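Let's take a walk through this one together, from the way the chain is divided down to a couple of individual residues. Have the viewer open and follow along.

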Amino acid sequence: MADAARTPLMAGNWKMNLNHVEAVHLLQKLSWTLQDKKHDFERVEVAVLPPFTDIRSVQTLVDGDRMKIKYGAQDVSVHDAGAYTGEISAAMLSKLGCTYVLAGHSERRQYHHETDAVVNAKAAKVLEAGLIPIVCVGEGLEIRQADGHVEHCVNQIDGALVGLKADDVRKLVIAYEPVWAIGTGEVATPEDAQEVIAGIRGRLEETFSPSVADSVRILYGGSVKMASVGGIMAQPDVDGCLVGGASLQVDEFAGICRYLDLQLGYSS
Ligand SMILES: O=C[C@H](O)COP(=O)(O)O
């Protein structure tokens, strides 16, 4: 089990799925399901990351129903304001009540050529706006097969966090997502996840301090399901999951959020 001082976080990345009407339906159902099961949000935090076009509707629902589910965005601009067609600033996301913002998801790195320097600039903007970046790292299959996965991810972390203050780093969340496990049904073994996440935590200790390394929550992501979440969460350095496909299915995502209850044998 991870350090009890770090509250586990289950974050659902909806990617480019669900229009704002569908988003409201799914979130309402998720909230009812978790409430019905008396989910303790202080014990396991729950967040959803909808497309930009859904966020205002999500905000209205969360505020109106006083939901304890948090929400955020999947990306952010490196710019503050101005002539940047199509971009969304961190300040705009803050105004919408977001808590989290993904920075450097592998799909952004792959399809939009985001480098570690861009991820670093995005993380800095998110922190400046008082929000929490979820900085994503992960290796492709070739790097894994060449046994370079820990070094690759640690280097990505170095690049993404360069110039950030220790007190800011302490607040952020990191997600380790092996690219070969995203949307493929190939889950890394719990030991695979632990190996890389422990490597990242070790680097945080070297670069910042033991207390910073102990504070940062590091999630695993890649084909997480109800059936696999327990083994992953049993690892000492894993503090939660970044869930893609399974977060679009209410019962599956609620089950992932309730992994502790289900382990204790409470009703599903
Ligand atoms: O952000 C989430 C990850 O890309 C994982 O997606 P997945 O659970 O569909 O594999």
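Measure from C-alpha centre to C-alpha centre and you get 22 Å between domain 1 and domain 2. Keep in mind that this is a predicted model. Neither domain is a single run of sequence: domain 1 takes in 1-74 + 224-268, while domain 2 is put together from 116-121 + 131-174 + 186-217.

Now look at where the two meet. On the domain 1 side, 17 residues make contact, and they do so with 11 residues of domain 2. Which elements of domain 1 give two or more residues to that side? They are strand E1 (9-13), helix H11 (226-233) and strand E8 (240-243). H11 provides the largest share, with three residues. As for chemistry, this side of domain 1 counts nine nonpolar residues, plus four polar and four charged ones.

The two domains also come together in the nonpolar interior. The largest nonpolar core runs to 77 residues, and Val101, Ile134, Ile174 and Tyr176 have the most contacts inside it. Domain 1 and domain 2 each put at least three residues into this core. Pick out Ile134 and see what surrounds it: leaving aside residues up to four places away in sequence, it touches Ala11, Tyr100, Val101, Leu102, Ala103, Val173, Ala175 and Leu242. Val101, one of those partners, is also on the list of residues with the most contacts in the core.

For another kind of spot, go to Arg6, in the segment before E1. Arg6 counts as partly exposed because it has 17 C-beta neighbours inside 10 Å, and a buried residue would need 20 or more. Once residues up to four places away in sequence are set aside, Arg6 touches Arg217 and Asp239. There's a long-range pairing to check here too: Arg6 and Ile218 are 212 residues apart along the chain, yet 9.4 Å separates their C-alpha atoms.

Finally, zoom out to the whole chain. You'll find 13 helices and eight strands. The radius of gyration is 17 Å, close to the 18 Å that the globule rule gives for 268 residues, so the chain is as compact as a globular protein of that length. Along its principal axes, the C-alpha trace spans about 50 × 45 × 35 Å. Buried residues account for 44% of the 268. And if you take contacts between residues at least 6 apart in sequence, 73% of them join residues at least 24 apart.

Note on methods: Residues numbered from 1 in each chain as written. Predicted model: local features only at pLDDT ≥ 70, side-chain atom pairs only at ≥ 80, totals over all residues. Core = buried A, V, L, I, M, F, W, Y, C linked by C-beta atoms within 7 Å. Buried ≥ 20, exposed ≤ 12 C-beta atoms within 10 Å, placed from the backbone. Domains from an automatic or database assignment. Contact = placed C-beta atoms within 7 Å. Helix = DSSP H or I, 4+ residues; strand = E, 2+ residues; numbered from the N terminus. Nonpolar A, V, L, I, M, F, W, Y, C, P; charged D, E, K, R; others polar. Rg over C-alpha atoms; globule rule 2.2 N^0.38 Å.
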